[in-house]
Structures are given as structure tokens and as C-alpha cells.
Amino acid sequence: FPLVPRNNGVEEPQLSTWFKPKPRGSLRPGPLTDPVEVRPRLLSPGMLGSLASGGLWWPLFPREHVGTQASCSVCPRFADEYLEVFLQSANKYFMPGHRVVFYIMTNDYVKRPSMELRPLCTFQLLLMEEEQWWSDMDLIRMKVLGEHIVAHILEEADFLFSMTADLVFQDDFGVETLGTSVAQLHAWWYFRNTQNYPYERRPQSSAYIPFGQGDFFYGGSIIGGTPQRVLDFIRGYMEGVIHDLKIGLNSTFERHLNKFFFLHKPTKLLSPEYGWDPTFNPPPQVHYVKVALHPERS
């Protein structure tokens, strides 16, 4: 997609314009509100506001003010199986009360689910070229999303989430998840030793992270933030993939994602409860699953 100045000539919206911390009073303590009990190390990447049940931010504006886009990629063989469940659950739980556009990226027309979208929600289909679909799926969906961010999303939305279609929302995914740069903590690797994280360990790769470094392993099912910050990630990811291909390497999407967040720390972390795999036996720390993988997919 065409390269444009990183700020696109427009100053990135500041969260302080809309939010400020406020005591929650009788906030119910969530099982992961004290990360020290779960992981005896510093949570350096930023604020874990979304680890608390209900979050740590209150909106100071009318609920319909926030424009949020949800981008969802659907592989044709998964479209009928996952898309309706994804949209049914997102229509109920994703940013309730706020203006939302669901962008569905696919290479074929998919049947729109027979449901009534809630007020302030719309649904748009973004078609990808047929011959591109059989290439690297992650590379193509990021390329297409980047093109749409440059073309119109930068001017249309305050926040953007890129999600896979094999997710099922089970509780409110609200303004507590908003931030300039939002990363998801991988449900499986969050409870593992840092030394065992599946980072890219080949020094020649642009996704390389040395042993002994790195904070978390981030999952690729949900990426969010301001549209400009998501575009920054897409640029970095595509540049990394091109670099690796030129020298005969092919690292995974999540390893490039983790290298980006290794260099550019996210401002908001989503706990494993925002991307839980239902095949895992939940540990004592996980009581409130917000988003889960589709049972058949997991």
C-alpha cells in the first residue's frame, strides 16, 4: 500500500482528551488484578488496565462518541463456520453503546448473518483478490488492512482492532480495552517461563529476539490501538517479512508481532481472559473469560 508520512499530517488523538483515571470505588477485584501473584516480575510494557474486572477507565463523553472499527479476516473454508458466531457475539459484547463498523475481509461474498445489528453498528465486506488468497494469509490480510487504513480508516475511526474470525465474545469488550497501542497476552505462554517463549531465535531474521530478553509473548488474534499505530505495526511487519524473504527466511506472523512490541512497547495489555483457549484447563487466576477461541477451531 502507498507509503505516507507516519502521522498522515494529522496529530494522533490523545486518550487524555477523552479519558482520565478515576477510582472505581467498589471495584470487584478480578483474579489477575495483582500480576505479582501470577508472574513474579515487573510488568514493564505498560498499564494493565484491562486485567482488572471491568477495567480502570471511565468515559467522560457520550457513549456514542467513540468511533471504533473492528477488522475481521475470514478464510473461505471458515466463513460459514465461524463468521455468524463471531458477529452474533460481537454485536452483543463488542463496545456496547458505541459506534462500531465491522469490516469483514474475505475473497468471496459471504452470507450476512440473519440478525439485527444493534444501534450504531454497521457491517461492511472488504473483498480480496482471489489469486492472493493462497499466498501467506497473514501477509495478505495485513496488506489489505493497511490499504484501507490509508484510504479511509484514518479519517473514520478513533480506534481500530484487527481480529481473527475464530473468536467468540462472552462478556463486554468495552472501553477498558482502548489504548494508543493494544496487545494481547497469549493465553498459553503467559503462564510459561520467559526463556521458553517461541520468539524468533535466528539472528539473521528481522523478528530476532535474543535469549534473556523480552517481557511477554503476545498473541496475534487481537491487535488494536489508534489506526495510525496499527498502521505502524503493519508497515514494520511487512518490511520484516520482505527482509526475511530476501535472505531465504520465513518467520511467523506472531514472531514478527512480538518483535514489534519488543521494540515498541504497547500502552495497554489485554490479559489471557481476552483470548482464552477453551481446551485449556483454566488456572486459578482465570475466572472471567471475556473472549474465547471458537471451540471447533481450538
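Glu254 sits in helix α5, and the unreviewed UniProt entry lists this residue under "active site". Keep in mind that this is a predicted model, and that UniProt annotations may be inferred rather than shown by experiment. The chain has 298 residues, 54% of which count as buried, and its secondary structure adds up to five helices and 11 strands. Here's a tour, starting from Glu254 and working through the helix, the cores and the strands around them.

**Glu254 and its surroundings**

- Is Glu254 buried or exposed? Neither label fits: buried needs under 20% relative accessible area and exposed needs over 50%, so at 24% Glu254 counts as partly exposed.
- Leaving out residues up to four places away in sequence, Glu254 touches His186, Phe217, Tyr218, Gly219 and Gly220.
- Two of those contacts turn up again below: Tyr218 is among the best-connected members of the largest nonpolar core, and Gly219 of β9 stands opposite Gln184.

**Helix α5**

- The helix runs over residues 253-263 and is mostly covered, with eight of its 11 residues buried.
- Those buried residues are Phe253, His256, Leu257, Asn258, Lys259, Phe260, Phe261 and Phe262; note that the list takes in Lys259, His256 and Asn258 as well as the phenylalanines.
- Which elements do the covering? They include two helices, α3 (137-156) and α4 (227-246), plus two strands, β8 (181-185) and β9 (218-225).

**The nonpolar cores**

- In soluble globular proteins, nonpolar side chains tend to be buried together.
- The largest nonpolar core here has 32 residues, and the ones that touch the most other members are Leu145, Ile149, Tyr218, Phe233 and Ile234.
- Two or more residues apiece come from β4 (99-106), α3, β8, β9, α4 and α5.
- A separate core of 28 residues lies apart from that one, and its members include Phe161, Leu167, Phe173 and Val182.
- Take Ile149 as a sample from the largest core: setting aside neighbours within four places in sequence, its contacts are Leu154, Leu160, Pro227, Val230, Leu231 and Ile234.

**Strand β8 and its partners**

- All five of the five β8 residues are buried, so the strand is largely enclosed by the rest of the structure.
- Both faces are covered: Ser181, Ala183 and Leu185 take one side, while Val182 and Gln184 take the other.
- On the antiparallel side of things, β8 pairs with β9 over four bridges, with Gln184 standing opposite Gly219.
- With β10 (residues 268-270) the pairing is parallel and spans three bridges; there, Ala183 has Leu269 as its bridge partner.

**Strand β6**

- Six of the six residues in β6 are buried, so this strand too is largely enclosed by the rest of the structure.
- Phe159, Phe161 and Met163 point one way, and Leu160, Ser162 and Thr164 point the other.
- β6 also pairs with β9, in the antiparallel sense and over four bridges, with Phe161 opposite Gly224.

**Two loop residues**

- Asp166 is covered by the UniProt annotation "binding site", again from an unreviewed entry.
- Where is Asp166? It's in the loop between β6 (159-164) and β7 (167-169).
- Despite being in a loop, Asp166 counts as buried because its relative accessible area is 11%, which falls under the 20% cut-off.
- The Asp166 side chain makes a polar contact with the side chain of Thr164, at 2.6 Å.
- Tyr190 lies in the loop between β8 and β9 and is also buried, at 5% relative accessibility.
- Tyr190 and Tyr218 are 28 residues apart in sequence, and their C-alpha atoms are 8.5 Å apart in space.

**Whole-chain numbers**

- Counting contacts between residues at least 6 apart in sequence, 75% join residues at least 24 apart.
- The accessible surface comes to about 13700 Å², and carbon and sulfur atoms account for 54% of it.

How values were computed:
Residues are numbered from 1 along each chain as its sequence is written. This is a predicted model: local features need pLDDT of at least 70, side-chain atom pairs count only at pLDDT 80 or more; totals for chains, interfaces and linings use all residues. Side-chain values use heavy atoms; hydrogens and water are left out. Buried means under 20% relative accessible area, exposed over 50%, partly exposed in between (1.4 Å probe, protein chains only). Contact means heavy atoms within 4.5 Å. Accessible areas come from the Shrake-Rupley method with a 1.4 Å probe; for residues, only the protein chains shown count as cover. A polar contact is a pair of N or O atoms within 3.5 Å; within protein, one must be able to donate a hydrogen and the other to accept it, and residues adjacent in sequence count only if both atoms are side-chain atoms. A nonpolar core is a set of buried Ala, Val, Leu, Ile, Met, Phe, Trp, Tyr and Cys residues joined through side-chain atoms within 4.5 Å. Two strands pair if DSSP finds at least two bridges between them.
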